[in-house]
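Here are a couple of exercises to work through with the model open on your screen. Try each task before you read its solution.

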Amino acid sequence: PVQIGPWDAALVVGVSLQATVMAYLYRPRWKALVYSLPVPFTLASLALGAPVGVTHVAGLIVMLLFFHAVRGMHQGLGWPIVPCIVLAALGYVATGMALARVLPDTPVAFWSAVALAGVLGVVLLLTMKHREEPGHRSPLPVWIKLPAVACVIVVLVLLKQYLRGFMAMFPMMGVITAYEARHSLWTIGRQVPVLLVAFVPMVALVRLLQGEVGLGPALACGWVVYLSVLALITRRMWAGRAAAAREA
């Protein structure tokens, strides 16, 4: 049976609040930035209570596939957004459960996955160019939005023992973000490589520290590194966007 602990409850509350704040922001770039905060990863890792390993890193890559699957089905094929999100989320769950059974949690596998995620993130960051997309703010009142988001997160918590580290990287925020930013999926998809580049040093540091100081302190140190990289990349992206707007 699945046991719901204090960190599971914190995960539901934390991610629900983060997703609700994101839903009421209008500009796509601010939605993308709030989506980038590693609240789900941190609380899900603590809820799992397991050391950060290869499935956490592999989950980053599958998360990238989730967003592009949603965008491809919705914008490319013209399908309604909700079925696209459901299909992509089911694809993530199926892929995560399958890989969780076969991926070896060895140093070689972990650092190979870290290198792959880092290279993939850098390549996409350099090749995915900015696009102007319309903003959107949720019209639902918060007393409807917040419980609806919480219900989604509770379902994911119930799957944690099957997904293992993939649960920490499951696009919990992504499911909500893909719906709330359905008019600006390119902007959100362009933010995922930023996550990859910022997460790589974070998970690497957590991996190195967790055996010495424990998972919680290691994650706290990882936040410092993550936010530093995120701030650097965001500043450069927004400066480039402003320069392009002036030239136009």
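**Exercise 1.** Find what the buried residues of helix 6 pack against, and work out how they are placed around the axis.

*Solution.* Start with the partners: the buried residues of helix 6 pack against helix 4 (54-76) and helix 11 (185-213). Helices here are DSSP runs (H or I, at least four residues), numbered from the N terminus. This is a predicted model: local features need pLDDT of at least 70, side-chain atom pairs count only at pLDDT 80 or more, and totals for chains, interfaces and linings use all residues. Residues are numbered from 1 along each chain as its sequence is written, and side-chain values use heavy atoms, with hydrogens and water left out.

Next, list the buried set: A109, F110, A113, V114, A117, G118, G121 and L124. Because they cover an arc of only 165 degrees around the axis (taken from the directions from the helix axis to the C-beta atoms), they sit on the same side of helix 6. Buried means under 20% relative accessible area, exposed over 50%, and partly exposed in between (1.4 Å probe, protein chains only).

Now flip to the face turned away from the buried side: P107, V108, L116, V119, L126 and T127 are exposed there.

**Exercise 2.** Where does Y179 lie, and is Y179 buried, partly exposed or exposed?

*Solution.* Y179 belongs to helix 10 (residues 172-180). Its relative accessibility is 33%, so Y179 counts as partly exposed.

Methods:
Helices (H or I, at least four residues) and strands (E, at least two) are DSSP runs, numbered from the N terminus. Contact means heavy atoms within 4.5 Å.
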